[in-house]
Amino acid sequence: MGSENPLLLGALLLGFFGSVHCLVMCGGIAGALGQAKPGQSALSAWSGSLLYSGGRIASYSVAGAIVGALGEAFAVQTGLVVVLRCVAGVLIAMFGLHI
């Protein structure tokens with residue numbers, strides 16, 4: 001469990017710093033959906049926005065879990081766990097230096 005903490009911290013930080021992507025990609029859609037229509041209550045507008053954001057987060061989470069499980073199964077079966085983790089670390093470092 002202790003060896004997973006840096007990985008979880010890295011994932012959390014990537015999520016926070018990657019929020020610019022979500023703002024640019026989903027901000028307009030969420031803003032448009034959040035606009036109150038004539039005769040629509042504020043509660044209805046809020047619930048629509050919450051449903052949209054909840055569905056988006058849930059679908060991204062499920063897609064990430066599926067891809068992560070497939071990647072882990074591939075890595076374990078082929079014995080490339082260490083190699084793939086090193087490649088992922090180098091790619092993350094290169095993305096960080098690029099930004």
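## Second largest pocket

Helix H3 contributes four residues to the lining of the second largest pocket, the most of any element. The model is predicted. The pocket holds about 260 Å³ of space. Two or more lining residues come from each of helix H1 (5-17), helix H2 (19-34) and helix H3 (42-78).

The lining consists of Leu-14, Gly-15, Gly-18, Ser-19, His-21, Cys-22, Arg-56, Ile-57, Tyr-60 and Ser-61. By character, these residues split into five polar, four nonpolar and one charged.

## Gly-18, a lining residue in a loop

Gly-18 is one of the lining residues of this pocket. Gly-18 sits in the loop between H1 and H2. Is Gly-18 buried, partly exposed or exposed? Its relative accessible area is 32%, so Gly-18 counts as partly exposed; the class runs between 20% and 50%.

Ser-49 is 31 residues from Gly-18 along the chain. The C-alpha atoms of Gly-18 and Ser-49 are separated by 21 Å.

## Nonpolar surface patch

A nonpolar patch lies on the surface. Its members are Phe-74, Leu-80, Val-83, Leu-84, Val-87, Val-90, Leu-91, Met-94 and Phe-95. Together they have about 810 Å² of accessible area.

Which helix supplies the largest share of the patch? Helix H4 (residues 81-98) does, with seven residues. Phe-74 also belongs to the patch, but its place is in helix H3. Phe-74 has a relative accessible area of 46%, and therefore ranks as partly exposed. Patch members need over 30% relative accessible area.

## Helix H3: Glu-72 and Ala-73

Glu-72 is a residue of helix H3. Its relative accessibility is 39%, so Glu-72 is classed as partly exposed. How far apart in space are Glu-72 and Val-83, C-alpha to C-alpha? The distance is 12 Å, with their positions 11 residues apart in sequence numbering. Val-83 is one of the residues of the nonpolar patch.

Ala-73 is also placed in helix H3. Ala-73 is partly exposed because its relative accessibility is 38%, a value that must lie between 20% and 50% for this class. Ala-73 and Ala-11 are 62 residues apart in sequence. In space, 20 Å separates them, C-alpha to C-alpha.

## H3 in both features

Helix H3 takes part in the pocket and in the patch. For the second largest pocket, H3 gives four lining residues. For the nonpolar patch, Phe-74 is a member, and Phe-74 lies in H3.

Conventions. Residues numbered from 1 in each chain as written. Predicted model: local features only at pLDDT ≥ 70, side-chain atom pairs only at ≥ 80, totals over all residues. Heavy atoms only, no water. 1 Å grid on protein atoms, 1.4 Å probe; cavity = no way out; pocket = protein on both sides within 12 Å on 5 of 7 lines; lining within 4 Å. Points joined across faces, edges and corners; volume = space filled by probe spheres on them. Nonpolar A, V, L, I, M, F, W, Y, C, P; charged D, E, K, R; others polar. Patch = residues over 30% accessible without salt bridge, like charges linked within 9 Å, V, L, I, M, F, W, Y side chains within 5 Å. Areas by Shrake-Rupley, 256 points an atom, 1.4 Å probe, with all protein chains shown as cover. Salt bridge = Lys/Arg side-chain N within 4 Å of Asp/Glu carboxyl O. Buried < 20%, exposed > 50% of the residue type's maximum accessible area, 1.4 Å probe, protein only.
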